[in-house]
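The following exercises introduce one protein structure step by step. Please study the sequence and the model before reading each solution.

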Amino acid sequence: MKARIAKSVEELQDKAGIDIPPKCDSKTTLRYIKAASAIYSSAESEFRKGDHEKAYMYYYKFGMLFQQIQATSLFINKQQNVMDEFKANFTRDRVTKVLERIDMLQTKLEKVYEEIRIDEKKKKVLCVDTTA
């Protein structure tokens, strides 16, 4: 059985979490935007390999970046270089695909984690029964 990164989707989300300060300078904000592109590529790569946990974490992180960058003062004030880079890295098709993958992978992973919990409970019952 494959070693798991987490025991729940919530744990994956915690591991993938990222916090962008709302008042970043332009250079920092642009770095976050460009990082999103690399994160997206990693998500796609892990998805193709079939590693749903890693793919989920990368897609989730991309989604968090998308939301948090929109909350930065530079985005709100529509600073041109930030807006241009944002539009290039967070295309409508890409964001839609990410949201669909997050939803699909979350459903799959919740089932996997539930099966693991059930198997662990069965093993505990078997251990208790054999010692009696």
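Buried means under 20% relative accessible area, exposed means over 50%, and partly exposed lies in between (1.4 Å probe, protein chains only). Helices (H or I, at least four residues) and strands (E, at least two) are DSSP runs, numbered from the N terminus. This is a predicted model, in which local features need pLDDT of at least 70 and side-chain atom pairs count only at pLDDT 80 or more, while totals for chains, interfaces and linings use all residues. Residues are numbered from 1 along each chain as its sequence is written, and side-chain values use heavy atoms, with hydrogens and water left out.

**Exercise 1. Describe helix H3 and list its buried residues.**

Step 1. H3 has 19 residues and reaches 27 Å from its first C-alpha to its last. This is close to the expected 27 Å at 1.5 Å a residue, where the expected span is 1.5 Å times one less than the number of residues.

Step 2. The buried residues of H3 are Glu53, Ala55, Tyr56, Met57, Tyr59, Tyr60, Phe62, Gly63, Met64, Leu65, Gln68 and Ile69.

Step 3. At the start of H3, a side-chain oxygen of aspartate 51 comes to within 3.4 Å of the backbone nitrogen of glutamate 53.

**Exercise 2. Determine which helix gives the most to the largest nonpolar core.**

Step 1. A nonpolar core is a set of buried Ala, Val, Leu, Ile, Met, Phe, Trp, Tyr and Cys residues joined through side-chain atoms within 4.5 Å. The largest one here has 35 residues, and those with the most contacts inside it are Tyr56, Tyr59, Phe62, Leu65 and Phe90.

Step 2. Two or more residues come from each of helices H1 (9-16), H2 (26-49), H3 (52-70), H4 (73-76), H5 (80-89) and H6 (92-131). H3 gives the most, with nine residues.

Step 3. Contact means heavy atoms within 4.5 Å. Leaving aside neighbours within four places in sequence, phenylalanine 62 is in contact with Ala36, Ile39, Tyr40, Asn89, Phe90, Arg94, Val95 and Val98.

**Exercise 3. Examine the surroundings of arginine 94, which lies in helix H6.**

Step 1. Not counting residues up to four places away in sequence, arginine 94 touches Ser37, Tyr40, Phe62 and Asn89.

Step 2. The side chain of arginine 94 reaches the backbone oxygen of asparagine 89 at 3.2 Å.

Step 3. A salt bridge is a side-chain nitrogen of Lys or Arg within 4 Å of a carboxyl oxygen of Asp or Glu. Arginine 94 is buried yet has no salt bridge, and the nearest side chain of opposite charge, glutamate 44, is 8.0 Å away. For this purpose Lys and Arg count as positive and Asp and Glu as negative, while His and the chain ends are not counted.

**Exercise 4. How many salt bridges does a search of the whole structure find, and which residue forms one with glutamate 44?**

Step 1. The search finds five salt bridges.

Step 2. Glutamate 44 pairs with lysine 97, the closest N and O atoms being 2.8 Å apart. Lysine 97 lies in helix H6 and glutamate 44 in helix H2, so the pair ties together parts that are 53 residues apart in sequence.

Step 3. Lysine 97 is partly exposed, with a relative accessible area of 28%, whereas glutamate 44 counts as buried at 11%.

Step 4. Another salt bridge joins lysine 49 and glutamate 46 (3.6 Å, N to O). Both residues lie in helix H2, three residues apart, about one turn of the helix.

Methods
Polar contact = N/O pair within 3.5 Å; in protein donor to acceptor, adjacent residues only side chain to side chain.
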